[in-house]
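Colleague: Got a minute to go through this model with me? I'd like to ask about a few spots in it.

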Amino acid sequence: MIEYLVAGTALGCTIALLASGFVVVHRVTGVVNFAQGLFPVVAGLSCGTLLSSGWPHGLSELAAVALAGVVGVVVGVVAIGKPGTPPLASLVITFGLGFLGYAVEIIVWGDQPRSFDGWPGVLTLGGVRIQHQWVLVAGVALVVFGLLGAFFGRTYLGQGLTACAANPYAARLAGINVRRMGLYAFGLAGLLGGVAGVLLTPLQSIAFDRDVALAVNGFAAAVLGGLDRPGTALAGGLLLGVGQTLFAGYVDGSFQTEVALGFMVLVMVARAIRQPVTV
């Protein structure tokens, strides 16, 4: 039971990183980025390629995360780069870019699942065996969320993104380039997705078609906070990760996407019930 909770927490951390990518883009641009699942897949596959080419751990992961950030900016340029593009059109564009990513990934990496070795070994605490990779995932996620808090609270760029999220019109009057901030948000979402990808791939092999399941998980966790609250997205990711792991351990591990969809439906129904009825 405790092992399931630890593994679920680690999985939930990666889901929370994906959810934060959804939240960052939606808060700044109003767009639901359905290409979010593309970023961890690109990072995981490219990291495996770099490691097999002789690159050392650490440098390979950093390069893969940076590549995912570049892909995020490219998705942002296509989705919101043209002035006047409505959010609904941008949403459809991100959806299409996600499918276009399939073709590119198959050409570059093929259609077979890939993985690579993470942090080997097992930590035993009180009779409970905990994989080192789970500890690494939780530790890195904690550091990333701490850096995100410092970024949004103490840097000019982070405060600019927050200003755009709070009131884009006022941000424009203050001289902030809202469209450029939107591109930064897509880039940040790519970085967050990339971190999730390089952490998750040693635990679960990754292939070109994993992006849908990853995006569903991240979106389901982000919905908990209405796509606008990073803190509740983190809580949603942890809840979903633990729930999926317990379901896989005691029932069946082949229904993780269905668990995420069920979680998302429950959250949306609960939010609808809490909405005041207007006549």
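Colleague: Let's start with Phe34: leaving aside its neighbours within four places in sequence, which residues is Phe34 in contact with?

Modeller: Bear in mind that this is a predicted model. Phe34 sits in the loop between α1 and α2 (38-52). Setting aside neighbours within four places in sequence, the residues in contact with Phe34 are Leu91, Thr94 and Phe95.

Colleague: And is Phe34 buried, partly exposed or exposed?

Modeller: Buried would need under 20% relative accessible area, and exposed would need over 50%. Phe34 comes out at 31%, so the label is partly exposed.

Colleague: How far apart in space are Phe34 and Phe22, C-alpha to C-alpha?

Modeller: Along the sequence, Phe34 and Phe22 are 12 residues apart. In space, C-alpha to C-alpha, the separation is 8.4 Å.

Colleague: Staying with Phe22, which helix gives the largest share of the largest nonpolar core?

Modeller: That core has 74 residues, and Phe22 is listed among those with the most contacts inside it, along with Leu17, Val75, Cys164, Leu192 and Phe219. The largest share is 14 residues, and the helix supplying it is α1 (residues 2-29).

Colleague: Which residues of α9 make the contact with α1?

Modeller: Phe22 touches Ala215, Gly218, Phe219 and Ala222, among others. On the α1 side, the contact is made by Ile15, Leu18, Ala19, Phe22 and Val23. On the α9 side, the residues are Leu214, Ala215, Asn217, Gly218, Phe219, Ala221 and Ala222.

Colleague: How is α1 oriented relative to α9, roughly parallel or roughly perpendicular?

Modeller: The axes of α1 and α9 (residues 211-223) come within 7 Å and cross at roughly 70 degrees. An angle from 65 to 115 degrees earns the label we need, so α1 is roughly perpendicular to α9.

Colleague: By class, how many nonpolar, polar and charged residues does the contact of α1 with α9 have?

Modeller: Phe22 of α1 and Phe219 of α9 both take part in the contact, and Phe counts as nonpolar. Asn217 and Gly218 are in the contact too, and Gly is classed as polar. The tally is 10 nonpolar, two polar and no charged residues.

Colleague: How many of the residues of α9 are buried?

Modeller: α9 has 13 residues and spans 18 Å from its first C-alpha to its last, close to the 18 Å expected. The buried ones include Asp211, Leu214, Phe219 and Val223. α9 is mostly covered, and the buried count is 12 of its 13 residues.

Colleague: Over to α5: what covers the buried residues of α5?

Modeller: α5 (residues 132-154) has 23 residues and reaches 32 Å, against an expected 33 Å. Its buried residues include Trp134, Val137, Phe145 and Leu148. What covers the buried residues includes α1, β1 (122-125), β2 (128-131), α8 (178-200) and α10 (230-250).

Colleague: Now α3: what is the relative accessible area of Ser60?

Modeller: Ser60 is in helix α3 (residues 59-80). Not counting residues up to four places away in sequence, Ser60 touches Cys47, Leu50, Leu51 and Trp55. Ser60 is buried, and the value is 0%.

Colleague: And which residues is Val65 in contact with, leaving aside its neighbours within four places in sequence?

Modeller: Val65 is in helix α3 as well, and at 14% relative accessibility Val65 counts as buried. Its contacts, leaving those neighbours aside, are Leu191, Gly194, Val195 and Val198.

Conventions: Residues numbered from 1 in each chain as written. Predicted model: local features only at pLDDT ≥ 70, side-chain atom pairs only at ≥ 80, totals over all residues. Heavy atoms only, no water. Core = buried A, V, L, I, M, F, W, Y, C linked by side-chain atoms within 4.5 Å. Buried < 20%, exposed > 50% of the residue type's maximum accessible area, 1.4 Å probe, protein only. Helix = DSSP H or I, 4+ residues; strand = E, 2+ residues; numbered from the N terminus. Contact = heavy atoms within 4.5 Å. Axes fitted to C-alpha atoms, helices over the stretch in contact; angles between N-to-C directions. Parallel < 35°, antiparallel > 145°, perpendicular 65-115°, else oblique. Expected span 1.5 Å × (residues − 1).
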